[in-house]
Each structure stands twice: as structure tokens, then as C-alpha cells.
Amino acid sequence: MKVLYVTSEALPFMASGGLGDVAGSLPQALRKRLIGCRVVMPMYDTIKEELKSKMTFVTNISVPVAWRRQYCGIFQAKHEGVIYYLIDNQYYFKRDTIYGHYDDAERFTFFARAALEILPVVDFKPDIIHCNDWQTALTPVFYSTFYSKDPWYQGIKTVFTIHNIQYQGTYGMELVNDVIGLNPADTSIVEYDGDVNFMKGAIECSNKVTTVSPSYANEILDPWYSHGLDTILKERQWKLQGILNGIDIINYNPETDPNIAVNYTVKDVKKGKAECKKQLQENMGLPQREDVPIIGLVSRLVSHKGLDLIKGILDELLATTDVQVAIVGSGDWQYENFFKEMADKYPDKLAIRIGFVPSLARKIYAGADLFLMPSKSEPCGLSQMVALRYGTVPIVRETGGLRDSITDSGDGEGNGFTFKTYNAHDMLGAIRRSLDAYWNRDYWDTLVIRAMECDFSWGKSANEYIKMYKQVIKE
Ligand code: GLC
């Protein structure tokens with residue numbers, strides 16, 4: 001079986017969030033299971049030189065963008081056995097950030113079309129084209145409207161994965177003629193509520209729609225989560241499925257991670273984490289005490305990550321509790337400011353580093369005792385799985401992938417602490433329960449080991465993808 005994985009980001013070349021992690025490890029996991037998976041992504045100018053220098057130039061073609069054609073260079077790279085095609089066009093991709101430009105619609109329309117146009121040129125005919133999020137959502141639309149009847153392309157199946165339904169690619173209807181270039185009879189495919197909606201087009205045209213956890217697959221049928229797409233998703237529910245992501249357990253491994261004070265395994269986790277805690281406290285400028293629990297937070301500081309809940313109770317928590325809180329992340333100024341104020345008010349208890357600092361994030365995963373992730377919605381979430389791997393116990397809201405990966409340890413079996421309702425004091429209740437557990441030393445040691453022994457490697461998820469691909473091919 002051959003799969004083309006179409007994505008706007010993939011590690012090690014480029015990542016802005018979880019999609020980059022997934023696209024940097026699922027194809028490798030598929031390949032290990034004998035699926036010939038190749039990846040196609042844009043050739044961003046900001047990809048590191050050392051990675052660029054190892055790429056080879058294949059050839060160049062021209063790709064239609066509505067009524068015009070644009071240059072498309074094809075570069076090839078190999079990473080851990082997987083072949084990557086990088087689509088080059090400096091006008092579209094020589095920018096200092098990968099998203100957030102006035103012409104994103106056009107940039108990713110071009111990319112979505114290029115992903116199909118390059119296939120005969122590189123001589124790779126996949127059984128499945130697997131697209132991800134709105135940036136690649138037009139690939140299945142173009143496939144059904146322009147390519148499916150072409151003898152070379154005939155018989156390919158398309159799969160579309162929603163990593164985050166909040167970003168759909170919605171634009172004015174004028175885009176249809178000037179950028180997308182669909183025949184008038186096909187315009188309705190990408191139309192939703194009077195706008196162009198890329199994601200809706202993919203939901204309509206793909207043979208299968210998946211999302212990154214079973215719970216999120218249910219949640220997005222509900223207007224509270226769907227950002228307007230519940231109607232079309234309910235109509236197409238028969239092709240919707242949730243498959244939980246895995247994490248790259250070689251990259252995230254406390255036994256080998258060079259970013260942390262000492263390496264450790266489940267056998268010497270107590271000693272290892274104590275050293276890592278010391279280093280984290282030193283790095284963050286917190287008092288170096290062994291006898292205080294640390295709650296870590298590694299997150300984009302935006303509302304849907306549940307920051308309002310934290311805002312609601314943090315002062316109360318810090319005023320009444322012997323605890324330290326270590327935060328790394330950036331986002332909305334209101335949250336950044338709030339945390340800075342709290343750090344001024346409680347310098348011995350809270351420290352924040354604004355920015356995306358991967359090496360410090362690793363120190364939090366290793367040095368903290370608890371990991372807070374109270375998201376309002378969370379399609380899958382990877383940080384809670386990484387935290388477990390480092391023996392840090394997650395406190396999460398029961399939503400999406402958090403619900404599918406973390407269960408409350410109140411029953412003596414779970415791997416974390418959970419709360420249901422999006423309510424600050426329900427979260428505080430879960431935090432207090434976790435701190436009580438922390439002080440019950442025998443219980444805590446067992447819980448940490450249970451957390452570390454959870455298996456969220458790609459194996460299980462990759463097998464589910466393969467099963468799904470096989471079903472789609474058979475249909
Ligand atoms: C998005 C989601 C996150 C998920 C990731 C990878 O970033 O917000 O929950 O883990 O995609 O699928």
C-alpha cells in the first residue's frame with residue numbers, strides 16, 4: 001500500500017504546533033509497518049540551512065492556480081527512511097513566518113494543487129492521499145473535480161484529518177474564480193454559509209474524514225465545539241472516525257534527553273526527577289526546595305487552552321498553598337501580563353518564561369511533579385502524553401484527546417487527575433486532590449510509575465490508520 005501524506009508542516013523541517021509533530025512521526029511509523037508513505041510539504045524559506053543542504057532538486061513544473069500557472073520546484077529529502085517532497089515557489093514561501101499572510105488562501109491553494117500535479121512527474125501513484133487541516137483541504141476537492149477521471153490518477157482514495165476545527169480556511173466567494181478556479185457547477189462544493197470554506201470542501205469530497213481522538217470526533221458534532229461545521233459533519237457522520245495520535249517516544253525520552261539535568265528511567269525515576277527538579281528551579285529562579293510540589297504548564301497562552309480557568313483561581317491557589325508553578329509559553333498579552341503580575345506578587349511560587357523554548361519545556365516535563373492542561377477543547381493534545389513519559393502526572397479537563405488519554409487516579413488505576421465541567425473551581429478541586437496525593441508518598445510513587453508505564457507510542461495508532469486505509473481502499 002502506498003500513501004501520500006500532504007501537510008503544511010512536518011518535523012524536522014518545520015513545525016508550529018502538534019501537526020508538525022504528528023507529520024514528523026506518523027509517516028515513519030507507517031513505513032516501519034511496510035506502508036510506503038511519502039510526505040509532501042511546502043519548501044519554506046525558513047527551513048534550516050543544514051536540512052536544505054541535504055535536499056536534492058528533482059525538477060520543476062508549472063501548476064495551475066485558477067486561470068494562471070505558477071512555477072513549482074520539486075525538492076526531495078529523506079528523513080528516517082521517509083521520502084519528503086518539498087514544493088518550492090519563492091513568491092509564496094519566501095516569508096519569515098509560515099502562516100498569517102494576506103494571501104494564505106492562494107499560497108495553500110497552490111500547494112494543494114501542486115501535491116497532485118507532482119505525482120506523475122516523480123512517478124509515485126499512491127493508493128491513498130492523506131491530507132491534514134485546512135491548508136491541504138483543497139487537494140481532495142481538486143482530486144474529485146479535476147483528476148479522478150484522468151487515467152493516470154484513477155482509483156486514488158482521499159482521507160482528510162481535522163487536527164483543529166477552529167481554522168477552516170473561510171474566505172469571500174470571489175476566491176472561487178480568482179484563486180481556486182472550480183467550474184461553476186462545482187462551486188457549491190466549497191460553499192458554506194455564503195462563504196468559501198476549504199475544510200467543508202474536504203469533508204464533502206474525501207472518502208474518509210478523521211480527527212485526532214475518538215472523543216473529539218463526537219464533540220465536533222456539537223455546536224459548542226464545531227465552529228459552525230456540525231451540520232455538514234452530521235450529514236457526513238458515516239465517514240467520520242477518531243484515531244488518537246501517538247508521540248515520538250525516541251525524541252521524547254527521559255533516558256536519553258540531552259536537555260535535562262540527569263537521565264532516568266522508571267527504575268530510578270525518584271532520584272532522577274529530584275535532580276531535574278533542582279535544575280528546573282534554578283533555571284526558573286525559584287527557591288531550590290525538594291519538599292515542594294511543582295505544577296508545570298507548557299502551552300500556547302490562548303483562551304481555548306483553558307487559561308481563563310487558571311486566571312480565575314491562581315491567586316487563591318498561590319495564597320493558600322505551598323506549591324510552585326513553572327510556566328513556559330507565549331500568546332495573548334492578557335495572559336502573559338496576568339502571569340507576570342502573579343510572578344511579581346509570588347516570586348517564590350511562580351515563574352514564567354515567555355516564548356517557545358523547547359529545551360526549557362523539556363526541563364518542565366522532567367522537573368515538574370504535575371502538569372496542568374485544562375483545555376476548553378483539545379482535539380488530541382500531545383503534551384499530556386509527553387508529561388506521562390517523563391513521570392509527570394497530568395491534571396486535565398475531560399475533553400477530546402485529554403479524555404481519551406488521561407483517566408482519574410481516584411479509582412486507584414488512572415494516570416492523572418481530571419475534571420469535567422469548564423469551571424475554575426472544579427479545576428481547583430482536581431488540583432487540590434492531586435496535591436493531597438502528592439503528599440501521600442507511597443501512593444504518589446506508585447502513581448508516577450503507572451504514569452511512566454503508559455504507552456502512547458505510535459504503534460497502536462499507526463495500526464488503526466492502516467486498518468482505516470485498507471477499509472477505504474476496499475470501498
Ligand atoms: C492540533 C490540536 C492538538 C493536536 C495536534 C496534533 O494542534 O490542537 O490537540 O494534538 O493538532 O494532531
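1. An aromatic cluster is a good place to start in this predicted model. Ten names are worth finding on screen: Tyr44, Tyr91, Tyr92, Phe93, Tyr99, Phe108, Phe110, Trp134, Tyr171 and Phe198 together form one aromatic cluster. If you colour these side chains, you can follow the cluster from Tyr44 through to Phe198 in the sequence.

2. Aromatic pairs deserve a look of their own, since the count comes to 23. One of them joins tyrosine 147 and tyrosine 153 in an edge-to-face arrangement, with 4.8 Å from centre to centre and 65° between the planes. Is tyrosine 147 buried or exposed? Tyrosine 147 counts as buried, because its relative accessibility is 5%. Its partner, tyrosine 153, is buried too, with a relative accessible area of 5%.

3. Tryptophan 224 and tyrosine 225 make another edge-to-face pair, where the centres are 5.1 Å apart and the planes meet at 75°. Please check the surroundings of each ring here. Tryptophan 224 is exposed, since its relative accessible area is 52%, whereas tyrosine 225 is buried at 13%.

4. Next come two places where a charge meets a ring. Arginine 68 has its charged end over the ring of tryptophan 67, at 4.5 Å from the ring centre. At tyrosine 438, the ring has the charged end of arginine 441 over it, again 4.5 Å from the centre.

5. Now turn to strand S16, which spans residues 370-373. Which residues cover its two faces? Leu370 and Leu372 lie on one side, Phe371 and Met373 lie on the other, and all of them are buried. Both faces of S16 are therefore covered, as buried means under 20% relative accessible area.

6. What does S16 pair with? Strand S13 (residues 294-298) runs parallel to S16 and is joined to it by two bridges. Strand S17 (residues 393-397) also pairs with S16 in the parallel sense, this time over four bridges.

7. Phenylalanine 371 is a handy landmark for tracing these pairings. Glycine 296 has phenylalanine 371 as its bridge partner in S16, while proline 394 in S17 stands opposite phenylalanine 371. Recall that Phe371 is also among the buried residues of S16.

8. Finally, follow the chain onward from S16. Which helix belongs with S16 and S17 in a β-α-β unit? Helix H16, made of residues 383-389, takes that place, and the unit is right-handed. With the four parallel bridges between S16 and S17 in mind, this unit should be easy to pick out on your screen.

Note on methods: Residues are numbered from 1 along each chain as its sequence is written. This is a predicted model: local features need pLDDT of at least 70, side-chain atom pairs count only at pLDDT 80 or more; totals for chains, interfaces and linings use all residues. Side-chain values use heavy atoms; hydrogens and water are left out. Rings of Phe, Tyr and Trp (its six-membered ring) pair if their centres lie within 6.5 Å; planes under 30 degrees apart count as stacked, over 60 as edge-to-face and the rest as tilted. Buried means under 20% relative accessible area, exposed over 50%, partly exposed in between (1.4 Å probe, protein chains only). A charge sits over a ring if NZ of Lys or CZ of Arg is within 6 Å of the ring centre and within 35 degrees of the ring normal. Two strands pair if DSSP finds at least two bridges between them. A crossover is right-handed if, with the strands pointing away from the viewer, the path from the first strand over the helix to the second runs clockwise.
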